[in-house]
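Me: I'm new to this structure and would like to understand one part of it properly. Please choose a part that repays a close look and walk me through it step by step.

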Amino acid sequence: MKRLIIPILTLLLVSCIPKNEKEAISSGQELYFAESTYDFGEMMEDGPGTHKIEFKNIGEEPVVINRVRSSCGCTIPSWPKAPIEPGSTGEIEVKYNTALVGPFRKTVYIYSTAVNTPVKIMIKGKVFPKDKTQ
C-alpha cells in the first residue's frame, strides 16, 4: 500500500497543472521584450508620460496576452487583445500620471500564454512641478 501512495500523489500533482501551461511548455510559446527597464528621465508636471513597450513572438504558436497590470493605479497599460502570431511584433502602451510630482519607479506585469509569464518591466523617472509664477 505504501508503494502506491507516492505514484498516486505524483499523478495527482501532475494532473493539477493548468492545461494552458502544459500547452505553452510543449509548443514553445514565448514573447521577447527588448527592454526590461524604461527611464522616462525628467518630465514636467502634466506633460506626456507615455511609452510603448515593444515585443515579438519568438515561439512557434500564437500567444495571447491575458492581462497587463501595474504596481500602482498611476500607471495605465493598454495591450493588444488579439493573438500575436509567431514572428509578429506588437506593443504595450504604458501611460504614467504626470500630475504626480516627484521621482517614481513602477513595475508593469505582463501575463500571457507564453512560458515566460509574467514578464516584469520597470518604468522610472522624475516629474518636476510646473512653474506656478507664470
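**A close look at strand S6 and its surroundings**

Reply: Let's begin with a stretch to treat with care: over residues 16-26 the pLDDT stays under 50, and the model has eight contacts for these residues beyond four places in sequence. That caution matters here, as this is a predicted model. For the chain, the mean pLDDT is 84, with 78% of the residues reaching 70 or more.

Now for the part I have chosen, strand S6, which covers residues 89-96. What is the order of the strands in the open sheet that holds S6? The order is S1-S3-S6-S5, four strands with antiparallel pairing. S1 and S5 are at the edges, where each has a single partner strand, so one side of each has no neighbour in the sheet. From one strand to the next, the twist averages 30°.

Follow the pairings of S6 and you can find your way through this sheet. On one side is strand S3, residues 50-57, which runs antiparallel to S6 and is joined to S6 by seven bridges. Two pairs make good landmarks: lysine 56 has threonine 89 of S6 as its bridge partner, and isoleucine 53 stands opposite isoleucine 92 of S6. S6 also pairs with strand S5, residues 75-78, again antiparallel, through four bridges. Here proline 77 stands opposite valine 94 in S6. To reach the other edge, go from S3 to S1: these two pair in the antiparallel sense over three bridges, and leucine 31 has asparagine 57 of S3 as its bridge partner.

Next, look at where the side chains point. Which side chains of S6 are buried? They are Gly90, Ile92, Val94 and Tyr96, which point to one face; Thr89, Glu91, Glu93 and Lys95 point to the other face and are not buried. S3 has two faces as well: His51, Ile53, Phe55 and Asn57 make up the covered one, and Thr50, Lys52, Glu54 and Lys56 the uncovered one.

Let's stay with the uncovered residues for a moment. Glutamate 91 and lysine 52 form a salt bridge, with 3.6 Å between the closest N and O atoms. This pair links distant parts of the chain, since glutamate 91 lies in strand S6 and lysine 52 in strand S3, 39 residues apart. Glutamate 91 is partly exposed at 37% relative accessibility, and lysine 52 is partly exposed too, with a relative accessible area of 40%.

Now turn to the covered side. Nonpolar side chains tend to be buried together in soluble globular proteins. The largest nonpolar core in this model has 23 residues, and those touching the most other members are Phe33, Ile65, Ile92 and Ile110. At least two residues of this core come from each of these strands: S1 (31-33), S2, S3, S4, S6, S7 (102-112) and S8. S8 gives the most, with four residues. Phenylalanine 33 is a good place to zoom in: apart from neighbours within four places in sequence, its contacts are Ile53, Glu54, Phe55, Ile92, Ile110, Val119 and Ile121.

Several of those core strands belong to another sheet, so let's visit that as well. What is the strand order in this open sheet of four? The order is S2-S8-S7-S4, and the pairing is mixed. Strands S2 (37-44) and S4 (65-70) are at its edges; each has a single partner strand, so one side of each is without a neighbour in the sheet. The twist here averages 20° from one strand to the next. S2 and S8, residues 119-128, pair in the parallel sense over six bridges. As a landmark, threonine 37 stands opposite methionine 122 in S8.

One last stop: the count of salt bridges comes to two. Besides the pair already described, aspartate 46 forms one with lysine 130, the closest N and O atoms being 3.5 Å apart. Aspartate 46 sits in the loop between S2 and S3, and lysine 130 in the segment after S8, so the pair ties together parts 84 residues apart in sequence. Lysine 130 is partly exposed, with a relative accessible area of 39%.

Methods
Residues numbered from 1 in each chain as written. Predicted model: local features only at pLDDT ≥ 70, side-chain atom pairs only at ≥ 80, totals over all residues. Heavy atoms only, no water. Pairing = 2+ DSSP bridges. Axes fitted to C-alpha atoms, helices over the stretch in contact; angles between N-to-C directions. pLDDT = per-residue confidence, 0-100. Contact = heavy atoms within 4.5 Å. Buried < 20%, exposed > 50% of the residue type's maximum accessible area, 1.4 Å probe, protein only. Core = buried A, V, L, I, M, F, W, Y, C linked by side-chain atoms within 4.5 Å. Salt bridge = Lys/Arg side-chain N within 4 Å of Asp/Glu carboxyl O.
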